[in-house]
Each structure stands twice: as structure tokens, then as C-alpha cells.
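Thanks for coming. I have one structure to go through today, and I will keep it short. Please look at the screen.

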Amino acid sequence: MVDLNKIKDQVSDLAHAGVAKSKELAEIAKLRANNASSESSIRKAYSAIGEKYYELHGTAPDEDFRASCDQITAAKEKIDQNNQKIEEIKSANNISDEEVAAAEDDASQKISDAADDIETAAEDIKDNVENIGDKK
């Protein structure tokens, strides 16, 4: 004969074990989230240190930092050149900042739409391949 009290105790034990495990998993998730936040703070601090170093020594960096500082300098020069070209194009063609912003928004929307279309097409292809596999 089935001992209902024994089954009830086993179910209760399993439930308590599940609750305990859920608490442990929640604690692990919380600690990992805290770690991610701390790692983000570290990255921001490293970035701030790098920015300050570049500000103070970018034109004459220590040899260990020369390649990185040269890379930053080259990128800043490229940005300045691009911004100058942008201003020349806007001025020569009487283009306002508002028109540029609207064109950027339109391009961004078109890129987003194209990405959605690609994702849908990929899903369709996957479904078709699975259907072919099912028919064999």
C-alpha cells in the first residue's frame, strides 16, 4: 500500500531543496551582476587613465605607449579631416544640420529594415532546409 505521508514528505523535501537551490542560483546571478558592474567601473577608470595619459603625454609618450598614442592621434586627425569635409559639403550645397539629421535617420531606418528583412529571409531558409530534411 502507498504511504501518502511518505510521499508528502518526499515532495516537501524536494520543494525545500528546489527553493534552496533557487536561492543559491539567485545569489550567484546577483553576484555575477555585481561583478559585471564592477568590471564596467574598472573599464571606465582604465579609459579615464588612458585619456589623462594621452592628454598629458600624447605628444611624447613613453615607448610602451607610443603605438597606442599614435593610433589615437591618427584617429583624431581623421575625424578632424572628415568633419572639415562635412562642413565643406554642407556649405557648398547649402545643406542644414536638420537635413543631415533627417538623412541620417532615414538611412538608419533603412539599415534597420534591411536587417529585419535579412533575419526573416534567414528564418525562411532555415525552415525550408528543415522541411527538406523532414521530407527525406
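Let me fix one term before we start: a salt bridge here is a side-chain nitrogen of Lys or Arg within 4 Å of a carboxyl oxygen of Asp or Glu. By that rule, the count in this predicted model is five salt bridges.

Now the overall layout. The chain has three helices and zero strands, in the order α-α-α from the N terminus. Of its 136 residues, 4% are buried. The chain exposes about 12,000 Å², with 55% of that supplied by carbon and sulfur atoms.

On confidence, the mean pLDDT is 88, and 90% of the residues reach 70 or more. Among the elements, helix α2, residues 66-92, has the highest mean, 96, and helix α1, residues 4-57, the lowest, 85.

Back to the salt bridges, beginning in helix α1. E55 pairs with K52 there, and the closest N and O atoms are 3.3 Å apart. The two residues sit three apart in the helix, about one turn. E55 is exposed at 58% relative accessible area, while K52 is partly exposed at 42%.

In helix α2, E87 and K90 are also three residues apart, and their side chains form a salt bridge at 3.4 Å, N to O. K90 counts as buried because its relative accessibility is 12%, under the 20% cut-off. K90 has another salt bridge, to D97, at 2.1 Å between the closest N and O atoms. Shared partners thus put E87, K90 and D97 in one network.

Last item, the surface. I42, Y46 and I49 make a nonpolar patch of about 350 Å². I42 belongs to helix α1 and is partly exposed, at 45%.

Key:
Residues are numbered from 1 along each chain as its sequence is written. This is a predicted model: local features need pLDDT of at least 70, side-chain atom pairs count only at pLDDT 80 or more; totals for chains, interfaces and linings use all residues. Side-chain values use heavy atoms; hydrogens and water are left out. Helices (H or I, at least four residues) and strands (E, at least two) are DSSP runs, numbered from the N terminus. Buried means under 20% relative accessible area, exposed over 50%, partly exposed in between (1.4 Å probe, protein chains only). Accessible areas come from the Shrake-Rupley method with a 1.4 Å probe; for residues, only the protein chains shown count as cover. pLDDT is the predictor's confidence in each residue, from 0 to 100. Patches are made of residues with over 30% relative accessible area and no salt bridge: like charges are joined within 9 Å, nonpolar side chains (Val, Leu, Ile, Met, Phe, Trp, Tyr) within 5 Å.
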